[in-house]
Structure formats: C-alpha cells, structure tokens
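Dear colleague,

I am handing over a structure that is new to you. Please look through it before reading the notes that follow.

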Number of protein chains: 2
Amino acid sequence: MLSVEEALTRILTEIQPLDTISLPLDQAIGSILAQDIIAHEAIPPFDNSAMDGFALLSKDSKPKQDQPARLRVIGSVAAGYVSQTRVEEGTAMRIMTGAPVPPGADAIIQVELTNSDGSQSDWVEILHEVSPGNNIRPAGEDMQNGQKVLQRGQEIGAWEIGILATLGYAHIDVIRAPQVAILGTGDEVVDLDVELQPGQIRNSNSYLLEAAVRRAGGIPHRLGIARDTSENLREKLGAALNYDLILTSGGVSVGDFDLVKDIMHEQGQMNFWRINMKPGKPVAFGHISGVPLLGLPGNPVSSAVTFELFGRPVIRKLQGYTQLLRPQIDVIVENGIQETARRRHYIRAHVTWQQGRFIARTTGNQGSHIMTSLLQANALLVIPEGGAIIKPGGSVKALMLDWPESETTA
Amino acid sequence: MLSVEEALTRILTEIQPLDTISLPLDQAIGSILAQDIIAHEAIPPFDNSAMDGFALLSKDSKPKQDQPARLRVIGSVAAGYVSQTRVEEGTAMRIMTGAPVPPGADAIIQVELTNSDGSQSDWVEILHEVSPGNNIRPAGEDMQNGQKVLQRGQEIGAWEIGILATLGYAHIDVIRAPQVAILGTGDEVVDLDVELQPGQIRNSNSYLLEAAVRRAGGIPHRLGIARDTSENLREKLGAALNYDLILTSGGVSVGDFDLVKDIMHEQGQMNFWRINMKPGKPVAFGHISGVPLLGLPGNPVSSAVTFELFGRPVIRKLQGYTQLLRPQIDVIVENGIQETARRRHYIRAHVTWQQGRFIARTTGNQGSHIMTSLLQANALLVIPEGGAIIKPGGSVKALMLDWPESETTA
C-alpha cells in the first residue's frame, strides 16, 4: 500500500499549472498572477494632506510673544483640485484630507489645533508649533514609479485587487482556473429527482464533488453517470476529454463488474493504488488522451476525503498555487478517540474556537459508508497508522478544511 | 471614542437575516439553511454489501472436518440490481460492493478470504469463519426515515451538499445572499482606465470592497463614484436604495467639503462614530429609507480594515450566519513590534505556517495611507490601546483573515 504522501507526490509531479489568460480586475480574485505588477506612477501621485486643516509654512507656526501665530487665509483646496495660489509667509490655506499640498506650504496643521471664525474665516490662529513635513504624505511614499509591487505567482485577494486598482490595472494576466469534468459511475446510481427503485442510491458524489471543486477554485461540470457498460463508459469518458481534469467516482475497486479500470487502461496510462488510509483506500491516477484523470472511490465518504487529500491539491496546482495543502494544527479532542486501525485514519470532526482554543468533537459513527460523519465536519483528525488512544481532553493533529468563525468579539 | 466592540454591537443589533428563497442544490453552497432537512427514507435504503465477495449463510462458513466449507455459487448480484434468487444452506452468491444483500443470506465474506475458479466459478471455498451481519451495512444505519438530519440555521458546505443529494433534495430553502451596493465618493476619485490628472487618485476602494463583499458571501454591485455635490450624491444614494445594504467609502470625516454626512442625515437616521482604532477612525452607520448603510473611511487601508471588522459581520448576519467573527489566535511575531498609539492598532501581517507554528511578519510601513501594507496580508495583529512592545519572537493576538496553506505534507 502507498502512503498518502507518496501518492500525492506521484500525482503532483504529473500536474503543471495551466496557461495564462487576461481577466478584468473584478473577476481576478482568487487567481494567481501570471505577470509582475509594476507601478507606472508614484503612489500617492502627489504630496497630499493627511488631515483636514491648514497648509502653511512650518516656521509660521511659532508663537509670537507667547501669542499664537495668526495667519491670513488666502483660499482653500479640496481633494481632487489643485491650488494655483502659493502659500507665502504669513498666510495659510484651508485644506482637506487627500488634497494636494499647495505650492509654498511645507506643513499641514490639523483643524483641531487651530482657532478661526468658521469655514469662511479669513484668519486662523495656529495653536501648536509644527515641523516641516507635518501631516504631509509625500508623493511616492507608498509606491515608487517603476517599482515591482506584486510578483508573478502571487495570489490575488481582495486587498491585492485594491492595489491593482490604485495602479490602474483594469486587466491582468493570471493563470486560468481549471475546467473540471465530474463523472459518476455505476448502475446503482440515479439522479436526485428520481424515485429510488430497489437497489438504487442517489448520485450524491457528483454534487458533493461539484461543490468541493468550486470551493477549491475550479470550474466544475457534472457530466452525469456512466453506466457499467463499455459503450456508455467510453462515450462519457470521451465527452470528458475537453476538460483540464477528469474526476470520477466509483469503479476503482477490485470488483468484477468494475469496467472503469479496463477502459481507463485501454485509453491511457493509469495507476491504480491501494492507499494506506481510511476512508478511501482505492484511488486511480493517470492520463486519458493527455487529460489527467483522478479516480476516487465510489463510497461518498471516501470520495469526499480523497478529494480533500488529492483532488484539491491538484486543482490548486493547476491554478498556479504553490502552497497546496491545508495546515495541520493541534486541537483538543473533547470526546476522546480509540482507534486500532492499521491504516491511517482521517476522522471527521467539528472544530470550534472556544476561549482561545480549538476544540474538536468527532462526528459520530466513522464508518466509511456513514455520510452523516461528514455533517458539519470542518476538520480531519489524523490518527497515525496502527491507531491511537486519545483521552477526552487530549490533543491530536487536525487538517483544517474550514476555519471556525467566532461568535463574540474577543 | 467608541470601542470596536461597542460599535459592532450597535451595528449588529440593527441587522436581521434576509428572507428565504428556494435554490437548486448546486447553487446552495455557502448558504444557511432556512428549513430543517428530514430524511424521507432510510439511508442506506437497503441492506447492502460493504465488500466485493460472496453472500452466504454465516453458519455455512464453518470449516468441516478441518476443510474449508465449499459452497455452490448460484448467481451474482451487482450494485443497482436486486436478486430474486434466495441463498439457501450450502449455496452462496457472488456480490459486489453496494449491492443489496440477497434474501436468505445473513453475511458477506470478502473475496480475498475465499478460493474459487475465477469469476465464472460455480463453487467457492470459504477460508474464514464469519458471524451474522459480517460486511453487511444495514438499511437505516446512516439515517433513519423521519430523522432530522440538518437543522435550519446550519451552513451548507460541500459535504452537506452530498448529504442533501443523497436524501433527494434537489431544491432547498436558504437565506438569500445580500445584494450590496458599493459607492465611492469624492471629486478626486476617477475610474481605473482614466489617465490621472493632477490631484486625482483611482477608485481602488470600490474594487477592493467588491472583492471583499464577494468573499464574504454578498453579491456586490459597484455603483460608481458620487461627486461632492448634493445633486450627485442624492442621485447615487437614490439608486442604491434597491439593495439590501449600502457600503460607501469616503465622506465621513470632519472635512468641510464632505457633504455625504449632511445628505445621509437628511435622508435617514445616521450615526457618525469616531472609533478607537487605527487605521480607520471615522465610521458611519444607520438607515436610509430603511436600507442599512455602512459608511467606511475614504482612505483605502482604513476602508479595507473597517470592512473586515464591521462590513463582513454585517454581510454574514444578513445571510443568516450566527458565527460572525474571525477567530483570534496567538502568532509569533518574527520581526517584533513597537507601538505607542493610543488607539487600538490593527497591524497588517503575513502569517505563514512553519514547523507547526504560525509565524507573522508585519507588512512594512503601517501608515494608514500605505496600501502596500495590505500586500499579501492575511492577518491583522491586534495591538491593544496604548501600544505594546513585542520583541522579535514574541507572541501577539492575530485576527486571521485567510489561513495559510502549507507547502509540504506534514
């Protein structure tokens, strides 16, 4: 049996990031940059005021014979406008936050440290001495013209979007998101809105994987269910060849009726692995006509967990990410765990954040056919090969799938 | 000045979850359930085999005179089909994983513990004694007919989608996502693709907030930039009244040229707060013609951080979430922090996961006009009111905005 790490390494070696596309900025969140981002101007573009107040010569702010300096107000400048008037000795100009510093002035004093006769006052008293540069944000303090601000390979989050907008990048080159074909297999599987006949179950895997692919950043396409006949399987796999990745569920175990393996072997290079984990031992990986195919077990719980461990890193790598894996953290297991399995066990758990600690509670019966073990699970507790006994309140490694939010302010 | 917690409490008191809509299952991920989910059948729906192997009577598995039991194979049953034939004493039936247990049989023995003459063999030797129920997954073991499986108020993740599909829920009632109007203000602000004139800056806030709203689960609508005239502001705010929430940036400071406050007061009940935090002191909150309005500062960094602290919880509450806030964890500050500000400081930092620890590095100049302090920041380090000195390697609370992924398997 292959370890999870060995299988993942073998899979990822065969996966390369997709090609580059140009996207409008408002569609780029979550993508990886395929270009360096250079500032083509200074940011801020001009010296500007950090405060609402008055622009003046700093030397004019000195008290005279213990009296506050009194200056003549010669105008005002708002954000978005440029003063043509020069601030000379003995004068000041009303200025708003973000407005360009008028020529002549070398400091801004905030309105709270002045005294005047209201917004139309033609005089102002300066109640506090200020130094040159006070409350002035110099041009280029944030970004210099020509500076490389973001690098190829970096992830674009909401805040990077703001920086790209500031720099005027209306379109950017990114690695495109993978189009992922999702194919269920099995004569027993029927669609959601069909009345179950004896022996049938519903196609939960395709819907689960569709949602999980979307969360991982891929663009999912459900291609339905392939029946257990060569013709139907060939047809469905043929239709999947236009995508960047094919995910199948079912058809990779040792059963006589599992045709998927034969067809896969016939059409490409395929590995079938027994992986030293539960749930989810059998996994297939290879290429069909050059398209990577990841074959997950048919069991819904196994399918969900193997997608997390293998499918999600593949989708992230296709998108150009280099950080592919969930962090493992230590969590407290409220209800304890007794596990004797030889294979590594990924136990589903719900982790909450309580008084500064991550507290895990396992989600009941951990049988690999028990879908309710997935309910509200946001973590996989990692029980090493051979098992472990963890007392209530003991600690264990957890792969965090989704981080708990907190109810109250802390 | 109001504390962050006081302001948030006042805001959230005024926000209620939106109404219910019915969504197709494949669009429901990330929503909050507005109905209880009841199983209308047992899951699994029928006793089925956990293995590929043979269905038999458990008592027939006993060796006879130290020889393995030898049974007559009377047929086979695949997943999706129902056997009409009964397994009688001395007989066995080939069975695939997931197939219904044929009548008469009370156990399954996996193929690896048998010996036969291949897939067409009409006999099988049983190499291991099995107990009644062996490898049989009983009907209803996972979910009982009539059982409440998910509750109103629970979040729908990828795995819940799988469970809903299993139960045949093709549509579900959820709380709808808020439609969020985003309005920039200021005569100095121009759109992305415009050549900057002296005194102008680009509309980064609307793009940043659009991306952040989307990440928070809202549906953003950029309504452009309101100019600093009453007419234009009234027109833009009027257009925003069809949405569930209005986010503005700019126009909430003390400046003479800030008309937004006046118009807001005129059209609704509005609070203008100075909040004991940096970046981002001035924040407005209230209602305009019944629509909640959150007014964020115009400074991009302040706008980004106040959205995180106030806007995101509002959007989550509108969607029906009850866990509204990011967890705070302790992180190691690699480069240390010296901070003397009176207001609570939310320092932008990049947190990575290294050798089992969260390591934070602050993102350089933390001036509230320094947009590059947002670059690759995935956490806000919380420096309490009055400041703190944290030595390199010391620890501090961090609000995690996005969790670092890990490069290697652990």
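**Helix packing and the relation of the chains**

In this predicted model, helix α2 of chain A passes helix α3 of chain B in a right-handed crossing. The axes of α2(A), residues 158-166, and α3(B), residues 204-216, come within 8 Å and cross at roughly 160°. Angles over 145 degrees count as roughly antiparallel, and the two helices are therefore roughly antiparallel to each other.

On the side of α2(A), the contact is formed by A:Ala158, A:Trp159, A:Ile161, A:Gly162, A:Ala165 and A:Thr166. These meet B:Ser204, B:Tyr207, B:Leu208, B:Ala211 and B:Ala212 in α3(B). The residues of this contact comprise eight nonpolar, three polar and no charged.

As for the chains themselves, a turn of 180° with a shift of 0.0 Å along the axis lays chain A on chain B with an RMSD of 0.1 Å. The two copies are thus related as by a two-fold rotation axis. A:Trp403 is the residue of chain A that comes closest to this axis, its C-alpha lying at 4.0 Å. Of the interface residues of chain A, 100% are also interface residues in chain B, so the copies meet through the same surface.

Within chain A, helix α4 (residues 230-239) packs against helix α5 (residues 260-267) at an angle of about 50°, with the axes 10 Å apart. That makes α4(A) oblique to α5(A), and their crossing is right-handed. Here A:Ser230, A:Leu233, A:Arg234 and A:Leu237 meet A:Val260, A:Ile263, A:Glu266 and A:Gln267. The residues of this contact divide into four nonpolar, two polar and two charged.

With kind regards

How values were computed: Residues numbered from 1 in each chain as written. Chains lettered and ligands numbered in written order. Predicted model: local features only at pLDDT ≥ 70, side-chain atom pairs only at ≥ 80, totals over all residues. Heavy atoms only, no water. Axes fitted to C-alpha atoms, helices over the stretch in contact; angles between N-to-C directions. Helix = DSSP H or I, 4+ residues; strand = E, 2+ residues; numbered from the N terminus. Parallel < 35°, antiparallel > 145°, perpendicular 65-115°, else oblique. Left-handed = near helix turned anticlockwise from the far one by under 90°. Contact = heavy atoms within 4.5 Å. Nonpolar A, V, L, I, M, F, W, Y, C, P; charged D, E, K, R; others polar. Least-squares fit on C-alpha atoms with pLDDT ≥ 70 in both.
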